[in-house]
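Please find below a short note on the ligand site and the aromatic contacts of the structure under review. The points are numbered for ease of reply.

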Amino acid sequence: MNRDPLHTAVCDLFGMETPIFAFTHSLEVVKAVALAGGLPVFGATRHTPEEIAIAIERIRESIGGRPFGVDLVLPSGMPERNDRAAIEAQLPPAHVAFVEQLKQEYGIPPPLRAGKRSRFVRSAEVAREQVRVVLEAQPPLLACGIGSPAEVVTEAKERGIRVASLVGNVKHARRAVAAGASLIIAQGYDAGAHTGEIGTFSLVPQVVRAVAPLPVLAAGGVVSGAHLAAALCLGAAGVWSGTQWLATCESPLEPAIKQKLLAASADDTTRTRAISGKWNRQLKTAWTAAWDDPGTPNPLPMPYHDILVGDTLTAIQDHQIGPLWGSAAGQGIGLITEERPAAAVLTEMAAEARTILAALTG
Ligand SMILES: Cc1cc2nc3c(=O)[nH]c(=O)nc-3n(C[C@H](O)[C@H](O)[C@H](O)COP(=O)(O)O)c2cc1C
């Protein structure tokens, strides 16, 4: 009997059917991906520890014993305390004035809820608590978006949790291996994410070679079975994607922003610091253009930029201020043209990859 070419090392590692990992903020997408045989990863970084604990419980209820992951962003150099007033007191007046000017220019009312990026400060204090609840809940996978602190990796492994590190270059991949990561996600410049400057096609085989025999997932622009087949040819053991799940039927994004994503082509995205203070690929909007204009203030470092703009970004979403309203989006966006169920996205990707790989091997 022929071996399934999609049965790779990560399938054995996690007991999953198809080596497709889906980053998402939606519990509905988590459920659909898990039931279809992929491995969903819940993006928890903007959630409080209490919310994370509840989300993990809900995930378990909805997917039974299937594997899943939780993603946290744990950058170094964040302030110790979750003290918004202390951060606000340090915001440069010219930056505050620029945000006020944008609010006036576009008539942005106050947000209807606490700002997603500003309701707590990304700080060591919050990160410790987020990590604590994730470790206590023992999901099969903890993914570290930025930074993989060795003490977190060690404790996770002691509790039987595998740790994946997202990296954008070989140096960071080696650092993640030294910290004890079980899985490396080589995420290229193409990604709808905090990205480095190396494209996915160049990055993946370099990371594969540097961290062998650890399994590597290819990320950044992955939206089809052709990408999955190519990733395996580049030496990866699977793929990890984010943008394509935003446009699925289960994704709770507002219809207007889903339409923007479906209509976008690869050159409608830009790498900008205008959202979080770190380089991040987003849809081009009047917001990204305003901050990228050389005549305007430079975005502040994380987490100061979060506090500077977090309430305003949430207000833009709450009031659907079209020209300013965007989303993270990778360069693969040009191939995402219709809203489809997440399970169909996954199974069609797998089927297309099998067909391509079968044709290659005759
Ligand atoms: C809306 C959105 C939010 C994201 N937030 C995070 C995050 O909090 N942590 C993280 O590790 N990656 C995050 N990512 C990046 C994904 O994990 C993934 O690496 C990326 O989407 C891959 O590129 P693609 O968008 O081209 O598929 C996000 C991606 C999107 C689209």
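1. Which polar side-chain atom lies 2.4 Å from an oxygen atom of the ligand? The atom belongs to Gln187. It should be kept in mind that the model is a predicted one.

2. Two backbone contacts also involve ligand oxygen. A polar backbone atom of Gly221 is found 2.7 Å from an oxygen atom of the ligand, and for a polar backbone atom of Gly242 the corresponding distance to a ligand oxygen is 2.9 Å. On its own the ligand has 600 Å² of accessible area, of which the protein covers 89%.

3. The shell around the ligand comprises 20 residues, and those that come nearest are Asp71, Gln187, Gly221, Gly242 and Thr243. Gln187, Gly221 and Gly242 thus appear both in this list and in the contacts described above, through a side-chain atom of Gln187 and backbone atoms of Gly221 and Gly242.

4. With regard to secondary structure, two elements give two or more residues to this shell: β8, spanning 238-241, and α11, spanning 243-246. In composition, the shell has 11 polar residues, 8 nonpolar residues and 1 charged residue.

5. The structure holds 4 aromatic pairs. One of them joins Phe14 and Phe21 in an edge-to-face arrangement, with 5.9 Å from centre to centre and 75° between the planes. Phe14 has a relative accessible area of 9% and is therefore buried, the cut-off being under 20%. Phe21 is likewise buried, at a relative accessible area of 0%.

6. Phe21 also pairs with Trp240: the ring centres are 6.3 Å apart and the planes meet at 25°, so this pair is classed as stacked, for which the planes must be under 30 degrees apart. Because Phe21 belongs to strand β1 (residues 20-24) and Trp240 to strand β8, the pair ties together parts of the chain that are 219 residues apart in sequence. Trp240 is buried as well, with a relative accessible area of 4%.

7. Taken together, the ring pairs link Phe14, Phe21 and Trp240 into a cluster. Strand β8 therefore has two roles in this description: Trp240 of β8 pairs with Phe21 of β1, and β8 gives two or more residues to the shell around the ligand.

8. A final point concerns a charge placed over a ring. Arg281 lies over the face of Tyr189, and the distance from the ring centre is 4.6 Å.

Note on methods: Residues are numbered from 1 along each chain as its sequence is written. This is a predicted model: local features need pLDDT of at least 70, side-chain atom pairs count only at pLDDT 80 or more; totals for chains, interfaces and linings use all residues. Side-chain values use heavy atoms; hydrogens and water are left out. A residue is near a molecule or strand if one of its heavy atoms lies within 4 Å of it. A polar contact is a pair of N or O atoms within 3.5 Å; within protein, one must be able to donate a hydrogen and the other to accept it, and residues adjacent in sequence count only if both atoms are side-chain atoms. Accessible areas come from the Shrake-Rupley method with a 1.4 Å probe; for residues, only the protein chains shown count as cover. Helices (H or I, at least four residues) and strands (E, at least two) are DSSP runs, numbered from the N terminus. Ala, Val, Leu, Ile, Met, Phe, Trp, Tyr, Cys and Pro count as nonpolar, Asp, Glu, Lys and Arg as charged, and the others, Gly among them, as polar. Rings of Phe, Tyr and Trp (its six-membered ring) pair if their centres lie within 6.5 Å; planes under 30 degrees apart count as stacked, over 60 as edge-to-face and the rest as tilted. Buried means under 20% relative accessible area, exposed over 50%, partly exposed in between (1.4 Å probe, protein chains only). A charge sits over a ring if NZ of Lys or CZ of Arg is within 6 Å of the ring centre and within 35 degrees of the ring normal.
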